[in-house]
Amino acid sequence: MKSLSSSLQYFVVQKGRLSNKDAIQAILTGRVLVNGQKGQLQQALKPEDQVVLDGKVLKEPQKFLYLAYYKPRGIESTLSLNIENNLAQALGMQERVFPIGRLDKESEGLMLLTNDGTLYHRIANADQHQEKEYVVTVDKPLTQEALDQVGSGIVIMGQKTRPAQVQQVGQKTFSIVLTQGLNRQIRRMCYKLAYEVERLVRVRIVNVEVGDLKPGEWRELEPAEKTSLTKRLMLFKNSG
């Protein structure tokens, strides 16, 4: 049973400044439209819904933003204005969007940003099982043994990391696909093998790629990207 406080009837009483009796009458007689259609008394409203009473807009539809952002090196993954070089200042956007997941200050690359609370929580809840791909450059030539160890798992912070897809792409550079997000995981794994990370770039989160974005740039997700991302998250939720 839907809560009355979340219903169209309650909304019209509050925003239309009508009595409960008058609100019911307005809805039943078709004077209240939700997205251009006759509203229902106990209809639950969504953030993206528009509500009109006698031609007057009571509720504007909320526009959701889904952004791919290239976080530059040196920017903290926080919106707190109390922290120097924070994400809010770097973005400089009027719309308030929230970062999904983090990248440490010295790392760079793809972050997802949104003001859609539902999608935010879906991604956050599945964070430890999503694929994230990174390109890592270290301070000296890589050995096959080191690559094999990174791929099979290394004990850091008292636990062994999950197996990962690892591929060498240069003398001192490799790509890695993780499905977990331990604190500074890649840097800690490299340190255990006596390597120091010189550059760490996240290039993909699930199906969204950083593409041609330059540090500090962002773009809206394509509809197909957003749809595919949502489907994959729902598959994870159902399998979990």
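## Helix α5 and its buried side

In this predicted model, helix α5 spans residues 144-152 and has A146, L147, V150 and G151 buried. Those four cover an arc of only 135° around the axis, which puts them on the same side of α5. Turn to the face pointing away from that buried side and you find Q144 and E145, both exposed.

What do the buried residues of α5 pack against? Their partners are β11 (165-170), β12 (173-178) and α6. Just past the helix comes G153, with a positive phi near 120°.

## Helix α2

Now for α2, residues 20-28, where A23, A26 and I27 are buried. Looking down the axis of α2, the buried residues fall within an arc of 95°, so they line one face of the helix.

That buried set packs against one helix, α1 (8-15), and against the strands β1 (32-34), β2 (37-38) and β3 (51-53). A glycine follows α2 as well: G30, whose phi is positive, near 85°.

## The nonpolar cores

The largest nonpolar core has 32 residues, and the ones with the most contacts inside it are L87, Y134, V136, F174, I176, I186 and M189. Quite a few elements chip in: β5 (66-71), α3 (87-91), β7 (108-114), β8, α5, β12, α6 and β13 each supply at least two residues of this core. So α5 turns up again here, along with β12 and α6, two of the elements its buried residues pack against.

Zoom in on L87 and, leaving aside residues up to four places away in sequence, its contacts are Y69, I75, E76, T78, L79, P99, M111 and L113. There is also a second, separate core of 18 residues, with L110, L112, L213 and L233 among them.

## The largest pocket

How much space lies in the largest pocket? About 400 Å³. Its lining is made up of 22 residues, and R102, L103, D104, L182 and R184 lie nearest the centre. By class, that lining breaks down into nine charged, seven polar and six nonpolar residues.

As for the elements involved, β8 (132-138), α6 (185-192) and β13 (197-205) are the ones giving two or more residues to the lining. The top contributor is α6, with three residues. Helix α6 therefore has several roles in this picture: it gives the most to the pocket lining, supplies at least two residues of the largest nonpolar core, and packs against the buried residues of α5.

Definitions and conventions:
Residues numbered from 1 in each chain as written. Predicted model: local features only at pLDDT ≥ 70, side-chain atom pairs only at ≥ 80, totals over all residues. Heavy atoms only, no water. 1 Å grid on protein atoms, 1.4 Å probe; cavity = no way out; pocket = protein on both sides within 12 Å on 5 of 7 lines; lining within 4 Å. Points joined across faces, edges and corners; volume = space filled by probe spheres on them. Nonpolar A, V, L, I, M, F, W, Y, C, P; charged D, E, K, R; others polar. Buried < 20%, exposed > 50% of the residue type's maximum accessible area, 1.4 Å probe, protein only. Arc of directions from axis to C-beta. Contact = heavy atoms within 4.5 Å. Core = buried A, V, L, I, M, F, W, Y, C linked by side-chain atoms within 4.5 Å.
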